[in-house]
Amino acid sequence: MCGIVGVTGNENAVEMLMNGLRRLEYRGYDSAGIYVNDQNGKDYLVKEKGRVADLAKAIGEDVHGSTGIAHTRWATHGQPSVANAHPQVSADGRFYLVHNGVIENYIELRDKYLQDVTFKSETDTEVVVQLIDYFVKHDNLTTLEAFRKVLYLVGDSSYGFLLMDREEPDTLFVAKNKSPLLVGVGNGFNVVCSDAIAMLNYTHDFIEMQDGEIMILTPEKVDIEDEEGHHITRLPFHVSMDASEADKGTYPHYMLKEIDDQPTVMRKLAQTYFNDDGQVTIDDELLADLQSADRLYIVAAGTSYHAGLVGERLFERLAAVPTEAHVSSEFAYNSPILSKHPFFIFLSQSGETADSREVLTEVNAKGYHSLTITNVQNSTLSREATYTMLLNAGPEIAVASTKAYTAQIAVEAIIAKALGEATQQVAAADFDLRHQLGLVANGIQALVDQKERFEAVAKDNFVDQRDAFYIGRGIDYAVSLEASLKLKEITYIHSEGVAAGELKHGPIALIESGTPVIGIITQERTASLTRSNLAETAARGSHIMTIVTKSLAKAHDDIILEDVDEMLTPLLTIIPAQLISYYTSLLKGLDVDKPRNLAKSVTVQ
């Protein structure tokens, strides 16, 4: 996952590109680079290892232009370095290319066509830009013809390409397959970005780009061509989001802002998906499709998968329909035997998760229906699924997902209630979900208002630790997995989420004196069992902490949550874990929004 921006036809291109990179830095922060020209024969390439801020420092006052491309990178082929940063350049300095994705056959293409080329990087991207240069010279092709030929040769690899030719200084050549790119339409200028938030300060009108297409942008025109070169007409869509929604405001980090956003998100979902009478309102055709399904398959990755594990329980308890949650990267290549009438639910904050998209392609090929639950309207998974429901959580920019997780669970609960009511399930009919979401919002607010307390918990119990464990049973175990992911992702502390009853089958061997073991206890049926498992770890010297709902709390418990319906407790139990992870990372001097700090090496090319 990397970030791409491009602009043609604006004299403030450098400023626009750098602002866009800052908005997209959540997509990659190993290195960054920019190439601009001023239409008068002057052009500039600046690349930097590290952060966008490091790139900004390396850009001299003389760097200017009206057309350019820029990139912030998450390393795939080749380690983070200036040489491997994008844009990659052809040997003679004519072509400049930025790229998201992976070219699967780049070694074969390099060995077949480019044996005489001396490569300066380890990237698949350099192979592509050298191929374009090769076909322009060797086959006497135009830039567009060479670009199209290379797209044919890379086949079904994933790519988002943005190409510039010094001999056509006001033109951007754009192509995508499996990797998101949008074209933004301005007044006398046009832009390219891998996420609309990058350019919302400059335009709110965007054109969707489909796989296999090529777009040719000049300041006054956007040409769209399909794989055969036929011209296509497509009108822009309007993004109503305010650019300020993607800003931190007064917060020191995006992650803290997004944690604090969660009460508002709960209330917004209640307003969006309930009418004035308190009834759930979802698409009638979607509801009919769900009713005809004999099994639901939730497909997701990372945090979204953990939200899917909670959703699995919600659908089975409220709607009485068998449900399975699957990791998309596994499902794509090791799919289970499906039921006779499956229905697929895809969870993805961005709507661009590549492994989930791989599954959705197969689902569509087999004629099955699907729903994407996403935060990004007009994203790939949204466009290609049968139905879409939006999280309405606002931009999530911090690498560690927080508000998208809770929003996904809330939307799953909304769908489960609607389906359960449609099939006359008593559990769904008795479940006052809108009221419960209000209680959840209040409960989250009570937790996020205790920041100083959670900072103290992090300082006293986590900062100096090497290992930590979250444990729970049932729905609490599902939350333990997500809580553990947050800790390891943000703090680099080894952490495991363990089903409490499974501790004795191996994990307990890793628990040493002082190791934090956090028990999540919200289910009356299993509360005493989890407490017993915590006692087992205490016998080995662990430092026990508990996250407990008020009705199950005892005098010695640590973090007490407001009471909500047992099925919605994950919306509260995850909040302490998010805040503990945030403050532990902060106290360790790590980059909260962008984990994985890298050494700085300032170089200008």
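**Exercise 1. Which residue in β10 is the bridge partner of Leu182? Work out how β9 pairs with its neighbours.**

Solution. The model is a predicted one.

Step 1. Take β10, residues 190–193. Four bridges join this strand to β9, and the two run antiparallel.

Step 2. Find Leu182. Its bridge partner in β10 is Cys193.

Step 3. Inspect the turn. Four residues lie between the strands of the β9 and β10 hairpin, where Gly188 has a positive phi near 85°.

Step 4. Turn to β11, residues 205–208. Strand β9 (residues 182–185) pairs with β11 in the antiparallel sense, over three bridges. Gly184 stands opposite Phe206 of β11.

**Exercise 2. Give the strand order of the five-stranded open sheet, then place the helices α18 and α19 against it.**

Solution.

Step 1. Recall the rule. Strands of a sheet pair through backbone hydrogen bonds, either parallel or antiparallel.

Step 2. Read off the order: β22-β21-β23-β24-β25, with parallel pairing. The edge strands, each paired on one side only, are β22 (494–499) and β25 (559–561). From one strand to the next, the twist averages 15°.

Step 3. Check one pair. Six bridges hold β23 (residues 516–521) and β24 (residues 543–549) in the parallel sense. Gly519 has Thr546 of β24 as its bridge partner.

Step 4. Add α18, residues 527–538. This helix lies across β21 (467–472), β23 and β24. Its angle to β23 is about 175°. On the 0 to 180 degrees scale between N-to-C directions, α18 therefore runs nearly opposite to β23.

Step 5. Add α19, residues 570–587. This helix packs on the sheet and touches β21, β23, β24 and β25. The directions of α19 and β25 make about 145°.

**Exercise 3. Sort residues of helix α8 into buried and exposed, and find what the buried ones pack against.**

Solution.

Step 1. Apply the cut-offs: buried is under 20% relative accessible area, exposed is over 50%.

Step 2. List the buried residues. In α8 (residues 284–292) these are Leu286, Leu287, Asp289 and Leu290.

Step 3. Look down the axis. The buried residues of α8 fall within an arc of 160°, so they line one face of the helix. In general, an α-helix has 3.6 residues a turn, so residues three or four places apart point the same way.

Step 4. Go to the other side of α8. Asp284 and Glu285 are exposed there.

Step 5. Name the packing partners. The buried residues of α8 pack against β16 (295–300), β18 (342–348), β19 (370–374), β20 (387–390) and α13 (403–422).

Step 6. Finish at the start of α8. A side-chain oxygen of Asp283 comes within 2.9 Å of the backbone nitrogen of Glu285.

Technical notes
Residues are numbered from 1 along each chain as its sequence is written. This is a predicted model: local features need pLDDT of at least 70, side-chain atom pairs count only at pLDDT 80 or more; totals for chains, interfaces and linings use all residues. Side-chain values use heavy atoms; hydrogens and water are left out. Two strands pair if DSSP finds at least two bridges between them. Contact means heavy atoms within 4.5 Å. Buried means under 20% relative accessible area, exposed over 50%, partly exposed in between (1.4 Å probe, protein chains only). The arc is that of the directions from the helix axis to the C-beta atoms. A polar contact is a pair of N or O atoms within 3.5 Å; within protein, one must be able to donate a hydrogen and the other to accept it, and residues adjacent in sequence count only if both atoms are side-chain atoms.
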